[in-house]
Amino acid sequence: MEREQGGVQDQAEGRFELNRILREIGGDGQELMALLAEGLSGADFNTLMLEVFRRRAADKGPSELLRSYRANRFVKPAVVDPLALKQLELDLLLIARERGYAPVQLSPVAPLGSCSIVAQADQNKIISASRGTEVVADMTNLLALQIADAVQSGALRHHPEPVRLCTTHRLVRAQKFPDLPGYLSHFSAYAMVTAGRDNGSYGFEKEAVWEHIAMYRDMFSKRFGGAVIEVLISGRGGYTDGEGLIERVVQHLRERAPELVVTVVEPKDNAYYLGLQFTIKTTIGGHEHFIGDGGFVDWTRQLLGSKKERMLISAIGLDRLLM
């Protein structure tokens, strides 16, 4: 599941349109923008926007509603077989639960800024909503908030044992995608996270990566007729000894599963992960698929203000598997 699609061109087009709108508003355009973005409390902003949305909806008639449905790429149903998708989701969650990952049913919305504040994703890639929310674009961010809230509230007291959560969710991404198969405005994904605390010598990191890889190997073997996975690992910044981290993780994977193909590749140019990224490659029906990825993030570290916090996330796209 590629997390960095779109971006630079979308941002440039968005800034151009914003500047045009502010020019058309006139001299008070910048002041109005500042007032809406910074001058109102959250409650007052919500009250204002609810009335704006109410008026815009009230001005629409049935024929215009139908035209909006026809034109809006976010509202069309998926082309995937819904029964096959639900069965796949159930199969994967059951396999994950057997391996100790607790399934979570997430809300369709997350707090505004869930992706852009801790993960540094552009907010324009997200469908922002009213009442301080946004449509979920990445469920791993919401799982990180769930864990951090449980730690801070005392439900998880420093979680001496790693916390393992999994979920399936239909995600919406707002950036423009190429009109090609596999590039979807909304799609279903399976994701899991492992959160814990630093225990020295990359102990958490090595075992967490192995658990995620072992899960995907089990899933593809059981669900796709014995399909075999390969693992591609690339380096990222954020760790003092990044090369040492990769060496120890790769060695650990080869010790736990000597038959598993693990290849270290050149790093990609993105800052989403820390330390390393792993990509899952598999062959189904004679076709190669790069179907998912994962890596370390510092989201619980940021949310809880503790340098000891560690977190590994990963996800695979489900629509592509079924299509």
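**Note on the predicted model: salt bridges, cysteines and surface**

1. **A bridge between two helices.** Lys-222 and Glu-98 are joined by a salt bridge, with 3.7 Å between the closest N and O atoms. Lys-222 belongs to helix α7 (residues 203–223) and Glu-98 to helix α5 (residues 82–98), so this pair ties together parts 124 residues apart in sequence. Glu-98 is exposed, because its relative accessible area is 62%. Please keep in mind that the model is predicted.

2. **A second bridge from α7.** Helix α7 also holds Glu-207, and helix α8 (residues 242–256) holds Arg-256. These two residues form a salt bridge, and their closest N and O atoms are 3.2 Å apart. The pair therefore ties together parts that are 49 residues apart in sequence. Glu-207 is partly exposed, with a relative accessible area of 27%. Arg-256 is partly exposed as well, at 41%.

3. **A network.** Which residues are joined by salt bridges that share partners? Glu-98, Arg-99, Asp-218 and Lys-222 form one such network. The Lys-222 to Glu-98 pair of the opening point has both its residues in this network.

4. **A bridge within one helix.** Arg-54 and Glu-51 meet through their side chains in a salt bridge of 2.7 Å, N to O. Both residues sit in helix α3 (residues 42–58). They are 3 residues apart, about one turn of the helix. Arg-54 counts as partly exposed because its relative accessibility is 48%. Glu-51 is partly exposed too, with a relative accessible area of 29%.

5. **The salt-bridge total.** How many salt bridges does the whole structure hold? A search finds 15. The pairs described above are among them.

6. **Cysteines.** The structure holds 0 disulfides. Why is Cys-115 not bonded to Cys-166? The sulfur of Cys-166 is the closest cysteine sulfur to that of Cys-115, yet the two are 19 Å apart, too far for a bond. A disulfide would need the sulfur atoms within 2.5 Å. Cys-166 is likewise in no disulfide, and its nearest cysteine sulfur is that of Cys-115. Are these cysteines buried or exposed? Cys-115 is buried, since its relative accessible area is 6%. Cys-166 also counts as buried, at 0% relative accessibility.

7. **A nonpolar patch.** Ile-21, Ile-25, Leu-32 and Leu-35 make a nonpolar patch on the surface. The patch covers about 320 Å². Where do its residues come from? Helices α1 (8–25) and α2 (29–39) each supply at least two of them. Ile-21 is placed in helix α1. Ile-21 counts as partly exposed because its relative accessibility is 37%.

8. **Thr-263 and its surroundings.** Strand β7 (residues 261–264) includes Thr-263. This threonine is partly exposed, at 32% relative accessibility. Which residues does Thr-263 touch beyond its neighbours within four places in sequence? The contacts are Val-231, Leu-232 and Ile-233. Phe-296 is 33 residues from Thr-263 in sequence. In space, 18 Å separates their C-alpha atoms.

9. **Elements and overall form.** The secondary structure of the protein chain comes to 10 helices and 10 strands. The C-alpha trace spans about 65 × 45 × 35 Å along its principal axes. Does the radius of gyration agree or disagree with a compact globule? For 323 residues, such a globule would have a radius near 20 Å; the protein chain has 21 Å, so the value agrees.

10. **Interior and contacts.** Buried residues account for 42% of the 323 residues in the protein chain. What share of contacts between residues at least 6 apart in sequence join residues at least 24 apart? The share is 72% in the protein chain.

11. **Surface.** The protein chain has an accessible surface of about 17400 Å². Carbon and sulfur atoms account for 54% of that surface.

Definitions and conventions: Residues are numbered from 1 along each chain as its sequence is written. This is a predicted model: local features need pLDDT of at least 70, side-chain atom pairs count only at pLDDT 80 or more; totals for chains, interfaces and linings use all residues. Side-chain values use heavy atoms; hydrogens and water are left out. Helices (H or I, at least four residues) and strands (E, at least two) are DSSP runs, numbered from the N terminus. Buried means under 20% relative accessible area, exposed over 50%, partly exposed in between (1.4 Å probe, protein chains only). Contact means heavy atoms within 4.5 Å. Patches are made of residues with over 30% relative accessible area and no salt bridge: like charges are joined within 9 Å, nonpolar side chains (Val, Leu, Ile, Met, Phe, Trp, Tyr) within 5 Å. Accessible areas come from the Shrake-Rupley method with a 1.4 Å probe; for residues, only the protein chains shown count as cover. A salt bridge is a side-chain nitrogen of Lys or Arg within 4 Å of a carboxyl oxygen of Asp or Glu. The radius of gyration is taken over C-alpha atoms; the globule rule is 2.2 Å times the number of residues to the power 0.38.
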